[in-house]
Amino acid sequence: MIKRNEILYLNNWNLHQLAKAVSKKSNDIKEISSVLQEACSWLTSAEGAQGSKVCQYLLRECIRVAIIAVTELSLNLAAVVAVILAPLFLKGLVRKKAIQNYFGLETAAILVQLRSVYHGKFRSNTILSGLSNPDVTLPRVVAILLQIADIIRINSTGILLESVHLPLIYYSGTKLLLDLKRLYIPLSHRMRLYNIQAKLADFWLKHTYTLSYYSITAKLGMTKLQRQQKLNLISEEVYSAVHAHGIDFILKKRIKSVYSIWHKIERLKVNFDQIHDLAAVRIILTGMDGKTLQEEKIACWKVLTILSDLYKPICSIMRDWISIPRDSSYESLHLTFETCKYGRLEVQIRTERMDHIAEHGEAAHWKYKYLD
């Protein structure tokens with residue numbers, strides 16, 4: 001399966017890799033590849049499409065967008081197919097009924113909504129900038145959306161944001177930092193573009209609270225790449241230990257951004273040494289459909305037992321939101337381990353149902369977390 005939170009070089013991707021990213025089970029890849037191939041054939045062979053070179057270029061761009069939709073937004077097959085078919089549908093080269101009959105109602109519905117946005121008109125008196133001025137002109141709104149698109153594009157190439165001069169034509173100095181805080185970072189967070197949001201937030205912190213930024217990076221004692229490489233080694237150990245017990249699961253990993261560390265220190269009024277989730281992995285148990293709530297809990301606790309044999313658990317740093325969910329309906333086990341060789345690691349354990357609630361449902365953190 002495609003690993004999350006790794007740099008994506010989109011030019012190296014193909015339809016098979018895209019199918020692997022979309023699929024939840026290995027035996028689905030062949031069927032999903034077939035659907036994606038058919039959607040691509042519709043795009044390249046549509047009556048009225050311009051030249052083969054144009055079609056191939058358009059196809060490459062659609063696949064690039066589809067990859068971002070899957071890896072950054074966790075969208076499903078219907079949305080990915082909609083991305084590929086969008087140029088045809090928006091130009092009127094294919095009808096809703098044809099798409100619905102072949103690719104399903106959900107894909108057709110997504111394209112209809114996309115067309116509404118595509119042909120929609122902004123009203124300046126109803127769009128808020130998120131700043132002090134409620135009157136935003138259409139050019140400024142378009143500029144903001146284009147800049148977000150540029151940030152996504154640059155992030156997807158693996159280029160460091162700071163090494164690129166973004167065409168932020170409406171901004172300079174303090175105003176750029178203010179808009180990053182009030183608009184771009186919350187917007188990318190709301191869109192669940194968490195990797196991009198983290199990079200923008202780190203950029204904001206570096207140029208707003210410079211001393212705090214460098215103080216934290218000095219205490220971390222290693223670069224972001226080195227931290228990621230260390231987490232990769234831990235993740236391999238965790239994956240092998242759980243996989244050896246025949247458990248079906250998805251493993252996600254993340255290193256805490258400098259901004260996130262700073263924000264937690266400020267919010268909780270604690271010292272750097274009291275931040276224990278600098279590196280974390282999330283184990284999402286799959287194949288739990290039809291299981292009772294009690295069976296889900298037992299499965300999660302089983303994984304916790306496996307990891308407790310691998311690493312030393314720090315029992316004072318444990319959160320059991322499976323036995324007693326949060327008010328937001330959030331369910332997950334959180335426990336910090338001492339890995340000896342690699343330092344401390346936070347582990348989150350949950351089922352697919354719990355993860356859906358946490359990422360897309362009532363407990364989705366983009367609903368209540370923002371840059372304040």
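Between which two strands is the loop that holds Ser-329 found? The answer is in point 7, after the overall make-up and the helix contacts.

1. Overall make-up. The model is a predicted one. Its secondary structure comes to 14 helices and five strands. The protein has 372 residues, of which 44% count as buried. Among contacts with a separation of 6 or more, 61% are between residues 24 or more positions apart.

2. Helix 1 and helix 2. Helix 1 covers residues 15-22, and its axis lies 9 Å from that of helix 2, at an angle of about 125°. Angles from 115 to 145 degrees fall outside the parallel, perpendicular and antiparallel classes, so helix 1 is oblique to helix 2. The crossing of the pair is right-handed. Helix 1 contributes Leu-15, His-16, Leu-18, Ala-19, Lys-20 and Val-22, which meet Ile-29, Ile-32, Ser-33, Leu-36, Gln-37 and Cys-40 of helix 2. By class, this contact has eight nonpolar, three polar and one charged residues.

3. Helix 2 and helix 4. Helix 2 (residues 29-45) also packs with helix 4 (residues 77-90): the axes come within 8 Å and cross at roughly 10°. An angle under 35 degrees counts as roughly parallel, and helix 2 is therefore roughly parallel to helix 4. On the helix 2 side the contact is made by Ile-32, Val-35, Leu-36, Ala-39, Cys-40, Trp-42 and Leu-43. Their partners in helix 4 are Leu-77, Val-80, Val-81, Ile-84, Leu-85, Pro-87 and Leu-88. By class, the contact has 14 nonpolar residues, with no polar and no charged ones. Ile-32, Leu-36 and Cys-40 of helix 2 appear in the contact with helix 1 and also in the contact with helix 4. As general background, residues three or four places apart in an α-helix point the same way, because there are 3.6 residues a turn.

4. Helix 8 and helix 9. Helix 8 (residues 174-190) and helix 9 (residues 194-208) have axes 9 Å apart, at an angle of about 165°. Since angles over 145 degrees count as roughly antiparallel, helix 8 is roughly antiparallel to helix 9. The crossing is left-handed. From helix 8, the residues in contact are Leu-177, Leu-180, Lys-181, Tyr-184, Ile-185, Ser-188 and His-189. From helix 9, they are Tyr-194, Ile-196, Gln-197, Leu-200, Ala-201, Phe-203, Trp-204, His-207 and Thr-208. The class count for this contact is 10 nonpolar, five polar and one charged.

5. Lys-256 and Leu-220. Lys-256 is in the loop between strand 1 (249-255) and helix 12 (258-268). Its relative accessible area is 10%, under the 20% limit, so Lys-256 is buried. The side chain of Lys-256 makes a polar contact of 3.1 Å with that of Asp-277. Beyond four places in sequence, Lys-256 is in contact with Arg-227, Ile-261, Lys-264, Ile-275, Asp-277 and Leu-278. Leu-220, in helix 10 (residues 210-220), is likewise buried, with a relative accessible area of 14%. Leaving out residues up to four places away, Leu-220 touches Arg-227, Val-258, Ile-261, Phe-272 and Leu-278. Arg-227, Ile-261 and Leu-278 are thus on the contact lists of Lys-256 and Leu-220. Leu-220 and Phe-272 are 52 residues apart along the chain, and their C-alpha atoms are separated by 9.3 Å.

6. Helix 14. The buried residues in helix 14 (residues 352-359) are Met-354, Asp-355, Ile-357, Ala-358 and Glu-359. These pack against helix 9, strand 1, strand 2 (279-285), helix 13 (293-310) and strand 5 (344-351).

7. Positive phi. Ser-329 is in the loop between strand 3 (312-320) and strand 4 (333-338). Its phi is near 80°, a positive value in a residue other than glycine. Ser-329 counts as partly exposed, at 25% relative accessibility. Cys-340 is in the loop between strand 4 and strand 5, and has a positive phi of about 70° although it is not a glycine. At 68% relative accessibility, Cys-340 counts as exposed. In general, most residues other than glycine have a negative phi.

How values were computed:
Residues numbered from 1 in each chain as written. Heavy atoms only, no water. Axes fitted to C-alpha atoms, helices over the stretch in contact; angles between N-to-C directions. Helix = DSSP H or I, 4+ residues; strand = E, 2+ residues; numbered from the N terminus. Parallel < 35°, antiparallel > 145°, perpendicular 65-115°, else oblique. Left-handed = near helix turned anticlockwise from the far one by under 90°. Contact = heavy atoms within 4.5 Å. Nonpolar A, V, L, I, M, F, W, Y, C, P; charged D, E, K, R; others polar. Buried < 20%, exposed > 50% of the residue type's maximum accessible area, 1.4 Å probe, protein only. Polar contact = N/O pair within 3.5 Å; in protein donor to acceptor, adjacent residues only side chain to side chain.
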